[in-house]
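Welcome! Take a moment to look over the structure below, and then we will walk through some of its features together.

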Amino acid sequence: MYYILIVLAVLLAILIILSLLAPKSYHVYRSVEIDHPTEKVWGQLKYLKKQQEWSPWARKDPNMDQKFTGIDGEVGAVSYWNGNKEVGEGEQEITKIIDGKRIEQDLRFLKPFKSQSDCYMDLEELDNNRSKLTWGFTGTNKFPMSIMMLFMSMDKMVGKDFEQGLQNLKHNLSSEI
């Protein structure tokens, strides 16, 4: 009995130490320069339905179930999806718009596990015909996920998807007549 208590105490101590060391939050973002004015790029960002045209996740499951509620391009609009194991199930809601400059969204995953992140897209004019877009998201790691993040990287898990999405957007804009 004494040894079992010692083992449990050691395991509890390890768990507490890991909890203290674990990252409490994450911030993943990527940026791209686009050879188009901000007005043209903004039209691809503001609307949830337009985002699907360059979303890397929409391409991973083109047959996913999607529903849109609210007025697209306005605060309160929601995009819901339910797809294969690569895209899961969730929804994103527009929470703030600074016209032509920034859009913020609440990103809620339901499957494969529940989580919430704050997503944003910042658009900056570099000159009359060039823009810089930064796309990212932030959130908190709750226990026990925080301990798992000691061994996994949110940046490695979704960073490449952000890069792919930005390249898709850049390609789509260049392909427009």
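## A first question

How exposed is glutamate 93, going by its relative accessible area? This is a predicted model, and in it glutamate 93 has a relative accessible area of 24%. Because buried means under 20% and exposed means over 50%, glutamate 93 counts as partly exposed.

Glutamate 93 also has a partner: its side chain meets that of arginine 108 in a salt bridge, at 3.2 Å from N to O. Glutamate 93 belongs to strand β4 and arginine 108 to strand β5, so this pair ties together parts that lie 15 residues apart in sequence.

## More salt bridges

Across the whole structure, a search finds 14 salt bridges. One of them joins the side chains of lysine 46 and aspartate 99, with 3.8 Å from N to O. Here distant parts of the chain are linked, 53 residues apart: lysine 46 sits in the loop between α2 and α3, while aspartate 99 sits in the loop between β4 and β5. Lysine 46 is buried, at 18% relative accessible area, whereas aspartate 99 is exposed, at 57%.

Glutamate 104 and arginine 102 form another salt bridge through their side chains, at 2.7 Å from N to O. Both partners can be placed by their accessibility: glutamate 104 is partly exposed at 21%, and arginine 102 is partly exposed at 23%. There is also a network of salt bridges, which links Glu33, Asp35, Asp127 and Arg130.

## Strand β7 and its neighbours

Now turn to strand β7, residues 130-140, which runs antiparallel to strand β1, residues 25-34, with 10 bridges joining the two. Within this pairing, valine 32 has leucine 133 of β7 as its bridge partner.

Strand β7 also pairs with strand β6, residues 115-127, in the antiparallel sense and over nine bridges. Aspartate 122 is matched there with threonine 134 of β7. A hairpin of two residues connects β6 to β7.

## Helix α6

Helix α6 covers residues 154-175. How far apart should its ends be? At 1.5 Å a residue, its 22 residues should span 32 Å, and the end C-alpha atoms are indeed 32 Å apart, so the two values agree.

Several residues of α6 are buried, among them Met154, Val158, Phe162, Leu166, Leu169 and Leu173. In general, an α-helix has 3.6 residues a turn, so residues three or four places apart point the same way. The cover over the buried residues of α6 includes β1, α2, α4 and β7.

How values were computed:
Residues numbered from 1 in each chain as written. Predicted model: local features only at pLDDT ≥ 70, side-chain atom pairs only at ≥ 80, totals over all residues. Heavy atoms only, no water. Pairing = 2+ DSSP bridges. Helix = DSSP H or I, 4+ residues; strand = E, 2+ residues; numbered from the N terminus. Expected span 1.5 Å × (residues − 1). Buried < 20%, exposed > 50% of the residue type's maximum accessible area, 1.4 Å probe, protein only. Contact = heavy atoms within 4.5 Å. Salt bridge = Lys/Arg side-chain N within 4 Å of Asp/Glu carboxyl O.
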